[in-house]
Each structure stands twice: as C-alpha cells, then as structure tokens.
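Got your viewer open and a selection box ready? Let's walk through this one stop by stop, picking something to select each time.

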Amino acid sequence: MFVLFEEAGKFLAGRILSEADTSLQVELDSGKRVKVKAANALLKFEKPAPAQLTSAAQALSQEIELDLAWEFASEEDFGFADLARDYFSADPAKPASTEQQAAALFRLFEAPHYFRRAGKGRFRKAPAEILQQALAAIEKKKQVIAQITAWAEELVQGQCPAPVREQLYKILFKPDKNSPEYKAVVEASRSAHKAPLDLLQQSGAIASPYQFHWKRFLFENFPKGTGFPSVQAPKIPDELPLADVRAFSIDDSSTTEIDDALSVQGLGSGTVTLGIHIAAPGLAVLPGSPVDAVGRARLSTVYMPGYKLTMLPDEVVQSYTLQEGRNCPALSLYVTLDENTLEIRETATRLEQVPIAANLRHDQLDSVFTEAFFEAAQTTPPDGIAWGVELAFLHRLALHLKAGREVVRGKPENFNRPDYNFSLDNLSGKEPEGNEAVSISIRKRGAPLDLIVAEAMILANSTWGEWLAAHSVPGIYRSQASLLPGVKVRMGTKALPHAGIGVKSYAWATSPLRRYTDLVNQWQIITCVKHGRTAALVAPFKPKDAELFSIISGFDGAYSAYNGFQAGIERYWTLKYLQQNKVTELTATAFKDNLVRADDLPLVLPAAGAQGLPRGAKVRIRLGEIDEITLDINSTVVERLDVVVDDAAAEQVDEEDNESEIAAGPISIAVDLNEPADQPPVTAA
C-alpha cells in the first residue's frame, strides 16, 4: 500500500511500512524512511508506483481548467476527491481514479486565488469579487514582468529605456527594489554578465562621467533641485552709526559672498586699532524668517571648480555683502594693540555701518604682496603702493599671532603642502559640462595675504567665542582636545580649547553669508552687543537648546557631504588634467601602505611597488588607465629618486596623515545581483 502525503507544503509519496492511529511509517523512493502524521496522509493507493503517480498527476493537473472547476465547485467546503469526481467522472456516483484525485489535489493547491485551503485536503472556492481582483493582479504582474524583460533586453542591446534613465540615481543609490526599473537593471546585468555601472554607461544612461558625479550629488543632497524659493532680503530695522574707518576685503575674484573686511587705524601713533568687520545679515534675517528657512535648508555654500551653489540667493547676498564703495552693515571687532610689541590691550564689539573702500583680489595682488615685499617693508615703508602700509603692519601682526598660537599648539603649523586652484574654460558661468579645459595652479599655503586674513579671522572667532561664554550665551564651537593621532575636531555648544589652532575656544562667526553656523553665532553675538549681561535671557538660543543641537547635527552632515563632493569633483578635474595634458609619469611621495601622493598635483593613488617603502620616500611613477566613473587610477613605481628619506619630509607626511585625500576606488552602489529573480505569476488557465 502506498500513500500520498503533505510535508511542509510539498507533496510526497511512498510505501507504507506500518500504520498506527496517529501516524504512519513511510519509505520514500530514495529509501529514506519518514514518520507521517495520519492527518497529513491525503490519499492511499495500491497502484501505480508513487513516482509514476506523481508524474502522471502533475501532467493531468494542468488540463484542469480553473474557471470551469470554480464554476461548478460546491459553495461549501469540499475535498479534492469531490472535485475530481465532479470534474472527471461522467457518473456522479463513481469516484475518480487515483491519478485524477491526485491531479485535482495538485491543481487546487497551486491556485489559492481560486480556492482557499480549508484544512488538510479540503478547500473552499474564493468569492467572485475576490477572485476577479486576484486575476487582475496576476495579469498586472504578468505585464510588469513582460515590461521588465523588454527593458532588460534593451539595456543588453545598448539602449536605455526612458523610465530607467529617469530613475538612474535612485536605482543605483536609494532603490525601491520592487520597482520594475530596478529589476530590469538587475536582470540585464545578469544576462549580459556586466557590472551595473558598466552596463548603464554603455547603454547611454550615464550621459557623461561628470554628469554622473554631479547628478548623484544633487540626488543625494538636493532632491528638490537647486533653485531658491522667491524671498526678499529684509531691511535692517535699526539705525546704525557710521564707522570712521576705511575698510578693505581680500578675496579671490570669483568671490561674491564677501563676508569679511579689515581696517587699520593709528599707524605711527604707538597704538593701533585693528578692525575686523563681518557682514551682518543677522541684523535683518531673523530666526524663523523665510530667508532663515532657506539658509537652514542648505546650511553652507557648495564649492567646486568652475561653479558653486550659494547658501543664500544672490539677491539676498548682494544686500549684505561687503561691496566696495558702499557703507555696509557690519558686526565689527576692534582690537587695540601696542604698535611696537603687538600686545593686545583691549577689544570691543560694535554694530555699525562700515565704509568699504576696496575689494582687493588675491589673483591680482599675490604677485605684488610677496614674502620679499613684506620683508623689505620692515625697514623701508612701502610708499606708493595702495594699502601697502596697512598690509605691512597686518602681516607683521599675523606672524606675531601665528607664533603665539604655535606656542600653545606645541609645534609650528606645517604649510609645506600647497593649495591648488582649479580654473575651467567655462566663460558662461553655468554648470560645467565636464569636458572644459582645466588648468591647475599651485598656491603655497600661508601665502602672505592668506596669512593676514586667516589670522584676523582666527582672532575674531576665538575672541567672540570667549565673549559668548563670558555672557553665558551658548554658541556653536569647534574644538579639538589634543593633537594626538585620531583626536578629531568636533562641534558642540561649549567653549572648549582647539588644540589644532592653539586657542582657548573657537566659534565660527566670520562667514555668515556662506555658513549657517556663522549666522547662528552672529545672532548670539548681536544679542550680547545689544543686551550685555542680560543677553542670556533674550538670546535666540538658550543653553542646552535642542534646536541648537539639531542645527549642529544637520550642519555637520551637510558640510561633510559638501566637502566630500568637492574633493571628489576636484579629483575628477585632476584626472581630466592628466588626460588633456597627456601626462604619463609623475614624481610622488610614499604615503602609507601602497599609496603615494603626487608632488605637484592634488592626487593620491595606489602604486605597485610602493609597498614597504619608508614614509616620505620620493619616487617616479608611471600612470595607468583612468576610470572617470570610479575616479580610480593606478600607477607603478619606476624609479626611487632618493637614497635616504628626508626627516622633514617624513614628519610632514605623518602630520598630514589625518587630513589626506584617500585614493578613489569602486563606487558603492545599492544594486544587488544576488537577489532572487522574479518568478512568473500563476496563470489563470
């Protein structure tokens, strides 16, 4: 005697060895013996053999028309043998054959949209309304699967369907893995045996490598686009006194958001007053206002070669920028110094209108105000050069301030690595297309004009940071506990030391047109100016204010993303520079593991043969293939250029380890080719 039984949703058949009230011992064709609950034994038979029965029944089951079976099935619960008799037997009193009964069981079991299970071997037909909904869903799924297949075939043939192109960045980085567009990419990649990025690039979905990087950044950080809502720059409600100074700013020619300017009074009198003047949008733009909402949403200006996305609309920026020839609202820090010793005697903070006499530009003046110029100015006053006398004093002060910070810091700041300026052949000023001619120039870190501005801003940010703390008004600070390896700069609301800069506290407050944290700190500082010791009671943000922590969290994430994009897109243009200038070899410095850093370009890359070289070793490398999508490039060491590593070079590499660029590698995408493929839906007939 044989038995057909159900086990974990599958039908098996075998020979009965023994039988008790509640169970059976059954031997399968494989020889395996299993214990079967009596309730799971659905059909006992003497012939044919189990394998023959299941094979014949499976074939016969597909001949059962589900619509017809559903029509005449009982409205009450029924067994599979009942359906088999009604469907196959001409004589209602005559039972169906064993094969017919098994066929009915298999067919009923695989059609839950027609027949619901009501127990072991028993079923109830689905209500007509539910059945129609199920059939419609099955038909829809069939159409979706057909669409997925058609799109996948197009991709394999090198053509990208429009829906896939429109969903490209969502598919790659934040996919709905149930969407047909995503599934088409997976199916096509499997069929073509190609990585998704390669497949999409070859099918034209990725229009260009540059657009891939740019659109990906916008997708992740500006999903609603880069346009600004219509907002008006509010006017400053207060009458401000006019400062008796001639202020000047120092920026690149491309700078439109001029946040800071300087003034010098009293030269030759023994007592000099340095004015650090910061644009004051915080006097007009109030927390919770429409313009504030715009700044809070973007949090910072995004910089990249040949283009930028400003934090605030240009018409708002132009209302508060420190434009030459205007009296501009400003938050000013006045620092009174001994002209000879440069000792700071006192500081004062004021809200005022500041006459901006000049907007000086780095690219026009760096060749004039050189180290040699300032060295000569120490003995011979620079007559006949506009702003030469003021800048000579400011450079002497900057060197003094820097030396004082380095005492606190414990060692000199390292300016051996240069900064790099990227210039694109992009006269339109619009978004670059990615194929513009690029030039890369070297700008030495700590160049005189840079040093003047940097030290003045550090002085303002550290002074105002301590001033906020003295008034018990919270601010947004950057701090670093020590210079030990792995100790990172952190943002918080407490005035803690910044070991990397060498100051007691450091609150970003000098770029309110470009960084939202600076605007927030400006609101707090303005409150201190207006209310003095009672400022803590009326400041926009109170101690332990949850909103302040929310701003820090949001800014930290956005700023990291923006800086990461800037580094990546600068790497893209560096690789384009190599291609455009047909550069095949570079001199480089061994960095760590198998990485080297190019000496004259902002480029870190792996180099075969660099493994085991001492840090700081000088090498010549031969460049390999460039992948503009992954921003990857390999190289090979062809020559060691030094015999013994210079100690200063090794120390420089060690100090810069924490801030270095990382060699690019394969981009991490969210397309998983190991996910199970879609199965075709159950057919209705």
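Two strands count as paired if DSSP finds at least two bridges between them. The elements themselves are DSSP runs numbered from the N terminus: helices are H or I with at least four residues, strands are E with at least two.

A word on the ground rules. This is a predicted model, where local features need pLDDT of at least 70 and side-chain atom pairs count only at pLDDT 80 or more, while totals for chains, interfaces and linings use all residues. Residues are numbered from 1 along each chain as its sequence is written, and side-chain values use heavy atoms, with hydrogens and water left out.

**Zoom out**

Show the whole chain as a cartoon. You'll be looking at 20 helices and 24 strands. The C-alpha trace spans about 125 × 65 × 50 Å along its principal axes. Its radius of gyration, taken over C-alpha atoms, is 38 Å, whereas a compact globule of 685 residues would come in near 26 Å (the rule being 2.2 Å times the number of residues to the power 0.38). Of those 685 residues, 49% count as buried, meaning under 20% relative accessible area; exposed is over 50% and partly exposed lies in between, with a 1.4 Å probe and protein chains only.

**Select 260-279**

This catches strand 10 (residues 260-265) and strand 11 (residues 271-279), antiparallel and joined by six bridges. Together they make a hairpin with five residues between them. In the turn, check Gly266, which has a positive phi of about 90°. Strand 10 is mostly covered, with five of its six residues buried. Now pick Leu262: across from it in strand 11 stands Ile276.

**Stay on Leu262 and find the cavity**

Which residues line the largest cavity? Leu262 is one of them, along with Leu274, Leu394, Leu397, Ala398, Leu401, Ile452, Glu455 and Ala456. A cavity here is a set of points on a 1 Å grid over the protein atoms alone where a 1.4 Å probe fits but cannot get out, and lining residues have an atom within 4 Å of a point. The search of the whole structure turns up one cavity of 30 Å³ or more, and the volume of the largest is about 50 Å³, counted as the space filled by probe spheres set on the points, which are joined across faces, edges and corners.

Colour helix 15 (388-409) and helix 16 (448-470): each supplies at least two lining residues, and helix 15 gives the most, with four. The lining splits into eight nonpolar, no polar and one charged. (Nonpolar is Ala, Val, Leu, Ile, Met, Phe, Trp, Tyr, Cys and Pro; charged is Asp, Glu, Lys and Arg; the others, Gly among them, are polar.)

**Slide along helix 15**

Select Lys402 and Glu406, which sit four residues apart in helix 15, about one turn. They form a salt bridge with the closest N and O atoms 2.6 Å apart; the rule asks for a side-chain nitrogen of Lys or Arg within 4 Å of a carboxyl oxygen of Asp or Glu. Buried or exposed? Glu406 is buried at 16%, and Lys402 is buried at 14%.

**Two more bridges**

The count comes to 25 salt bridges. Try Glu19 and Lys44, with closest N and O atoms 2.3 Å apart. That pair links strand 2 (residues 10-19) to strand 5 (residues 41-45), 25 residues apart. Lys44 is partly exposed at 42%.

Last stop: Glu585 and Arg622, at 3.3 Å between the closest N and O atoms. This pair ties strand 20 (residues 585-592) to strand 23 (residues 618-627), 37 residues apart.

How values were computed: 1 Å grid on protein atoms, 1.4 Å probe; cavity = no way out; pocket = protein on both sides within 12 Å on 5 of 7 lines; lining within 4 Å.
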